[in-house]
Amino acid sequence: MSGDNEIGASGAQSAHPPRKLHNLAFGIERIGLISLQAPLVSFLILVAMAIAAAFGVARIEVDDSLSQLFRSDTEEFRQFEEVTKRFPSSEFDVLIVVEGERLMARDTIEGLRDLVTDLQLIDGPRGIISMFSARTPPESGRIPGPLFPEHLPEGEEYDALIEDVLANEILRGKLLSEDGELSLVVLALEPAIVGTPQLNDVVAEIHETIAFNLGGTGVSAQLAGVPIMQLEIRNAVERDRLIYNAFGFAAGCLIAIIFFRRISFMIIAAAPPLIAILLALGALGWFGFQLNMFLNVMTPLIMVISFADSMQLTFAARDRLLAGEGKYEAFRNAVLVVGPACVLTHCTAGLSFIALQFSNSDLIRTFGEAGLTATIIALLGVLMLVPLLGVLLIRNEKSFAAKVRVSDTGVNLLRRFCGWIARMMVTRPGLYTLLSVLLVGGLTVIYATLEPRYRLADQVPDREQAVEASGRLDAKLTGANPIDILIEFPAATNLYDEATLDLIGAVHSVVEEQAGVGNVWSPETLRRWLREKMGITDIAVLKQYVDFLPEHLTRRFVSAEQDAVVVSGRIPDVDASELLPVIEELDVALNSVREAHPGFTISVTGLSAIAARNSASMIGKLNQALTVEIIFVSAFIGLAFRSFIVMLAAIMPGIFPVVMSGTVLWLMGEGLQFASVVALVVSFGLGLSATIHFLNRLRLEDHPDADPGIGVERATVLVGPALILTSVVLACGLAVTVLSDLPSLRLFGWLAAFAMIAALVADLLILRPTAMFLYRLARRRTSKPSPQAAE
């Protein structure tokens with residue numbers, strides 16, 4: 001095959017005659033030769049595709065739903081969605097957390113009441129609940145008046161009023177903290193506004209109204225709730241996309257210009273990955289994918305997938321130009337020699353994304369689908385664009401070769417370093433292989449001890465106000481995250497039957513008594529108030545009060561058809577492992593109520609419940625998918641090379657970055673989160689790029705009549721410089737995600753970046769001696785002289 005006599009570090013041709021080897025990629029790499037045959041036509045097609053992709057990018061929207069991780073085709077999630085439709089409360093609530101030592105001062109109360117009034121005049125809210133919603137007990141059947149009179153009293157009368165407010169059972173611990181220093185105002189927005197760009201304007205107006213009414217009162221006000229979290233996620237995702245695109249462009253150009261010291265080669269190496277990003281994002285836009293916390297890393301991932309191969313192709317063509325070949329011949333041979341490894345690296349990355357299809361989460365499966373799509377586009381882009389740009393941009397090859405031969409200091413230094421590493425690793429391959437086995441085995445044991453972790457706050461920007469405000473609610477009002485108990489009635493059951501109300505009261509009591517759950521609301525709240533404060537037990541009066549309440553308030557607890565009721569509580573945002581026992585204890589405690597009321601369906605639901613129940617199993621299944629992926633990808637590489645030796649050699653370098661990254665998490669006291677598992681799944685496939693390029697070059701450089709150490713050294717010298725520089729740059733490209741406001745994205749970025757560096761270390765220090773040891777072992781046990789024959 002053309003290109004078997006690859007140019008070595010010294011520029012000399014190999015002394016061995018060419019050998020006929022099977023094609024690793026079944027000729028797929030020859031797609032890259034199309035652009036060499038018709039470069040101008042290919043360029044015009046590229047321009048047209050780039051324009052179409054730009055329109056596709058403009059179509060990409062943001063999925064800011066907090067439930068996206070657990071969205072799945074399961075009965076539990078369908079029930080959660082049904083509850084949010086029938087009882088649309090927390091999904092559309094803006095929680096205004098007002099806090100300060102002067103909260104109950106007369107001027108502050110006046111300002112806070114004015115705020116509540118002005119908020120209702122904003123275009124967007126459909127209702128509001130605050131401590132000013134509380135009523136006094138009714139007298140002589142008259143409509144009850146507000147707890148806070150229109151004209152606030154002064155002096156001792158005001159102090160007496162505040163004592164009544166602090167002792168009010170409906171407000172205390174629900175809308176007002178026990179110490180009277182925190183108040184919760186719940187502003188329900190119109191569902192049509194949440195999820196649209198108009199939400200940004202509404203939130204801005206809320207901030208302005210707060211500043212106008214509470215300025216100078218000495219209290220602070222922060223916003224929390226699902227709409228605020230969604231808005232912060234949306235803004236963070238859009239901001240991150242700009243940062244990552246800009247950084248990816250800058251990083252690619254910088255490393256290429258430093259590496260090749262020519263503008264033309266900078267464009268040849270860096271432009272294909274950047275164009276691949278545009279084409280891939282455009283395709284995702286046309287296919288209807290939405291940006292979310294995982295798809296937002298697609299830009300650096302495409303850069304990672306394609307940049308290493310683009311550099312290898314460009315470097316190989318550069319070596320051939322230095323050896324005196326013309327530009328068409330140089331890029332053709334580069335495609336034929338390096339192209340098969342490029343195809344394999346993209347295939348392993350694609351298999352990594354396919355492994356994500358084992359997840360129950362629609363979000364993670366969608367990420368896998370988008371990643372697979374991007375991988376295919378990146379492969380086609382690199383194979384076709386590197387030779388296309390090469391023949392269009394390179395001029396006067398002989399002059400270029402003459403200048404670079406005498407000024408290639410940086411590359412030669414890297415080659416000498418790679419040669420030194422290779423010679424060190426092949427001196428005692430058996431010992432180094434044994435040490436590698438012990439090291440990887442020990443790290444694997446540590447990795448196996450990692451426990452699943454999940455917190456809602458990790459999905460929300462933690463440098464914004466929503467997380468901080470939710471933390472204050474956790475501290476003062478038992479929590480900001482809702483948990484719902486859905487009670488569905490049998491047919492022909494009346495809400496105001498005494499038996500039905502007794503059932504609601506029993507469920508309310510169970511929820512109220514459950515440790516870890518607080519701020520419980522239901523129709524029982526009003527019934528108790530009438531009974532305990534007024535001595536009223538007449539159900540007709542209760543119905544009258546319910547009918548008197550605004551519809552947006554009653555819909556929080558009673559369905560429009562009055563065939564279902566929700567008992568709602570609040571829980572703090574803690575790790576799912578701490579929350580799950582609370583959910584399970586609550587569900588068990590409700591069994592006695594279920595047994596006493598057959599025919600009624602009582603279910604514990606809500607996003608917090610779904611997260612607590614499903615996060616551990618979903619993370620565990622993803623981790624299992626990683627194990628399957630390691631075995632499957634190693635077998636795939638061995639099959640592609642038609643070598644059992646290659647399969648064995650690829651295992652430890654593939655496992656090392658995964659278990660090493662897991663050990664770092666263990667040392668930090670962290671567990672396995674969704675972001676970390678996905679990072680490891682993807683990093684395994686991406687980290688094998690260096691392994692595949694080395695094994696492909698070793699396959700060409702090793703000869704039956706020579707010591708395998710010679711082939712290992714030559715292969716390392718030829719591919720090592722590009723592998724080192726691209727690994728460092730790609731790790732930096734992933735590490736830029738530490739600038740994100742999203743904790744999950746920061747975790748994904750730094751962990752994937754660390755895994756890339758660990759993969760480079762494994763490639764240099766584990767793969768070399770392992771391959772050397774296995775090749776020598778195979779030759780001792782067979783009479784056939786070459787590794788290829790032994791295979």
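**Salt bridges, a four-stranded sheet and model confidence**

In this predicted model, Asp 319 and Arg 415 form a salt bridge in which the closest N and O atoms are 2.7 Å apart. Asp 319 belongs to helix H9 (residues 298-322) and Arg 415 to helix H13 (residues 409-427), so that the pair ties together parts lying 96 residues apart in sequence. Both Asp 319 and Arg 415 are buried.

This pair is one of 24 salt bridges found in a search of the whole structure. Side chains of opposite charge can pair when their charged atoms come close. Another such contact is formed by Arg 472 and Glu 99, whose closest N and O atoms are 2.6 Å apart. Because Arg 472 lies in helix H15 (residues 465-476) and Glu 99 in strand E2 (residues 93-99), this salt bridge ties together parts that are 373 residues apart in sequence. The two partners fall into separate accessibility classes: Arg 472 is partly exposed, with a relative accessible area of 28%, whereas Glu 99, at 17% relative accessibility, counts as buried, the cut-off for burial being under 20%.

A further salt bridge links Arg 102 with Asp 107, with the closest N and O atoms 3.0 Å apart. Here Arg 102 is partly exposed at a relative accessible area of 38%, and Asp 107 is likewise partly exposed, at 37%. Salt bridges also link Asp 502, Glu 512, Glu 524, Arg 527, Arg 528 and Arg 531 in a network.

Turning to the strands, an open sheet of four strands is found with the order E8-E9-E7-E10 and antiparallel pairing. Strand E8 (518-521) and strand E10 (601-605) stand at the edges, and because each has a single partner strand, one side of each is left without a neighbour in the sheet. From one strand to the next, the twist averages 15 degrees.

Within this sheet, strand E7 (residues 481-488) and strand E9 (residues 564-571) run antiparallel and are joined by eight bridges. The register of this pairing can be followed through individual residues: the bridge partner of Asn 481 in E9 is Ile 571, while that of Ile 483 is Gly 569. Strand E9 is also joined to E8, again in an antiparallel arrangement, by two bridges, and Gly 518 has Arg 570 as its bridge partner in E9.

The surroundings of E9 are consistent along the strand, since eight of its eight residues are buried, and E9 is therefore largely enclosed by the rest of the structure. Ala 564, Val 566, Ser 568 and Arg 570 point one way from the strand, and Val 565, Val 567, Gly 569 and Ile 571 point the other way, with burial found for all of them.

As to confidence, the protein chain has a mean pLDDT of 83, and 90% of its residues reach 70 or more. The highest confidence in the chain is found in helix H14 (residues 429-447), at a mean of 93, and the lowest in helix H27 (residues 787-790), at 40. The pLDDT stays under 50 over residues 1-15, a stretch for which the model has 40 contacts beyond four places in sequence. It is also below 50 over residues 783-791, where the model has 16 contacts beyond near neighbours in sequence. Where pLDDT is low, the predicted coordinates should not be read in detail.

Conventions. Residues numbered from 1 in each chain as written. Predicted model: local features only at pLDDT ≥ 70, side-chain atom pairs only at ≥ 80, totals over all residues. Heavy atoms only, no water. Pairing = 2+ DSSP bridges. Axes fitted to C-alpha atoms, helices over the stretch in contact; angles between N-to-C directions. Salt bridge = Lys/Arg side-chain N within 4 Å of Asp/Glu carboxyl O. Buried < 20%, exposed > 50% of the residue type's maximum accessible area, 1.4 Å probe, protein only. pLDDT = per-residue confidence, 0-100. Contact = heavy atoms within 4.5 Å.
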